[in-house]
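Please open the structure in the viewer and keep the sequence panel visible. The tour proceeds by successive selections.

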Amino acid sequence: MRFRAKIVDLACLNHFSRIINTIAKLAKTCVLRLTVSKLYFIVSDKVANGGASMWCELCQGNFFDEFQMEGVAAEHNEIYLELVPENLSRALKTAQSAKAVKIKLTNKHCPCLRVAVELPSLSSSSRIVTHDIPVGVIPRRMWNDFREPSVPDFDVSIYLPVLKTMKSVVERMKNLSNFIVIEANLSGDMNLKIETDLVSVTTHFKDLGNPPWASEDGCQSSAQSRDLESMAEARIDIKKLQQLLAGQQVNPTKALCNIVTKRIVHFILLHEEVSLQYFIPAIA
Amino acid sequence: LTVFGRAIHAIARISDEFWFDPIEKGLALRSVNSSRSAYAYVFFSSMFFQHYCWTAVSEPHQKEKQLSLPCKLIIKSVLPVFRCVNVLERNVEKCSISTNPNDHHITFQLLCRHGVVKTYNLTFQDCDPLQAVFAKHMCPNILKVHSRLLADVMIHFPTSQEEITLSVTPMKVCFKSYTEEDTDFSRTMLTEIQLSPEEFDYFQVGVDSEVTFCLKELRGLLAFSEATSVPVSIHFDRCGKPIAFSIEDLLLEASFILATLCEAEKEAASPEPACCPQPWDSNADTAPSKYPQWNGNTPSKDLANPTSALAKQEVKSIPRLTERDVPGRAGAAMAEAAGGEATEAPYQKIRYHVASYLYKYCVFQFHSLFFGAVSYKEKEAIGDTFQSLATASDTEEDFGALQSSQV
């Protein structure tokens, strides 16, 4: 099992750091899946995460100048590593002006991702900062736990409002309640509601637009026959939503959510080179 | 003023209290942390201040002339005075410090813009100050570098990082996170920075060494030296011997002396992380603690170490400091042979010399010192105000514990 990669371009490095920062805000530990062409950051829906799960996918070619990997075996040419994204975020934080960043999988005392940052210095030789981030290698028999989640059979799919606005609304609501209700309909209306003994607050968004989903095998046909005004709603943990919104450092190209009434809310945030999916289960 | 404020902050990182020690040549501030493993010394020469007035009045019949009135202050009370150093620079026009030994008060007075005057009256305790004995010129390894470089290096380590290891060979310099044999590598992230000798203003490595010291205590000095933009000198030796970070220029000097971990005695180390302040127990001669023992030269003090005989002997051979003739050097006046002490305690002792002043026999009047955020050009104008303020502070009634008066 080997892995080496190198980033030389500063813009790519900054973009990659931002993605890692976003993920670090969402989960304490996550799984990094490496394939020849892609990197995946996966958080599975175990109880420890409050049932929320995440799937983030990026093409290595968009970030790395060099990328070589050898998986556990020829027919399973992938590597699954468990790591703390905060560590990776911290390692990259001070690499803002780096000449190059190399990432390598090593095994000195224990398996580590070694991030070596080459920084410019006043003298002829560069400064080299090395961070050894401990990782856990996930054996092949457990890979099934980390499959790509399928898009749920949703009732309503709607584009999200401007994330900054949504974030400040949710942040204020967080002070009042632990749960928030998201409801939306196929006419582009979305409401964010909280309700406590003392107060209930609702924020209305209109004209958001509903993304068209190609109906395959007629599985989405139920959505087409749905009343345009009727709301699909789900009550979710407000902290999870706030974490998702707070972690977004750049405005995504597309941001939408799929709501399955009283079951789950599925957020999809698409950037040019990376896609992030976040599932928050509904609470009764 | 920024510089003074930063000095206070830096010292605050070492301990909760510090010694405020005005002498003829200037003002010395000292602090020792509770486990005696870190010592900070900042000396502002009288030229640093716009106006520095210090008087010593001693009774004629005393043989030893008491030269100063050392006193001990609680940092927490002083820190608010200099809390927002950046804001201070903008708002405060002048700061005056005066002491009144009779009723044990020090007054800090900030004259701010728009006629606002903030006065802080703080009580102090009389006590003997400590002075660390450390022979800087005997250190085989000396590095000198601008504080910016050190700050850039430290930024890569998490703020929670307690200890780091500095490893030098003539070819390279390396700062890395400290690890022991029983470090759980699967949980800890390790960071290492390699620098080439060319990056240092002065680079001398006499002996390859790896020293481990507490980073937290150092960060204060780094912030302070950035304010002064004076380069930092690092003097050290093999592991176990203390490491000194110092800055020096015409107006001020500062030294932070930190104990370093000695590899060979790790098994004797206590399980707590090295930089947790440990309760000082002068009678702990069973389990050698990790931190240097304080060798006071008052015979009544127990030297915790079983080789105390040797230690006592060495201590007695130090001529007692009654005159601080070398105020700048933090104890470099004494060159100490290491002795066989390293075998007992993992940390090589920072040897302290207690200058026991017979202060109670002398009466001091330390008038006041002024320094302001503005340039020195205004010295003439200040001369007039000085007089009136001096009398004012002397005749003012006691305000009580801590009071700021606002117009």
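The stops below cover a whole chain, a pair of strands and selected cysteines. Please note that the model is predicted.

**Chain A as a whole**

Select chain A and display it as a cartoon: its secondary structure consists of five helices and 18 strands. Switching to a surface representation, one is viewing an exposed area of about 13,700 Å², of which carbon and sulfur atoms contribute 49%. Of the 284 residues in this chain, 50% are buried. If contacts are drawn within chain A and restricted to those with a separation of 6 or more, 63% of them link residues 24 or more positions apart.

**A hairpin in chain A**

Next, select residues 190-195 of chain A, strand β13, together with residues 200-205, strand β14. The two strands run antiparallel and are joined by six bridges. Between β13(A) and β14(A), the hairpin connection comprises four residues. To inspect one pairing in detail, select A:L192; which residue is its bridge partner in β14(A)? The partner is A:T203.

**Cysteines**

Now select the cysteine sulfur atoms in all chains. How many disulfides does a search of the whole structure find? The number is zero. Centre the view on A:C112, where the nearest cysteine sulfur belongs to A:C110 and lies 4.1 Å away. Because a disulfide requires sulfur atoms within 2.5 Å, A:C112 is in no disulfide. Is A:C112 buried or exposed? With a relative accessibility of 8%, A:C112 counts as buried. As a last selection, move to B:C239, which is partly exposed at a relative accessible area of 25%.

Note on methods
Residues numbered from 1 in each chain as written. Chains lettered and ligands numbered in written order. Predicted model: local features only at pLDDT ≥ 70, side-chain atom pairs only at ≥ 80, totals over all residues. Heavy atoms only, no water. Buried < 20%, exposed > 50% of the residue type's maximum accessible area, 1.4 Å probe, protein only. Contact = heavy atoms within 4.5 Å. Areas by Shrake-Rupley, 256 points an atom, 1.4 Å probe, with all protein chains shown as cover. Pairing = 2+ DSSP bridges.
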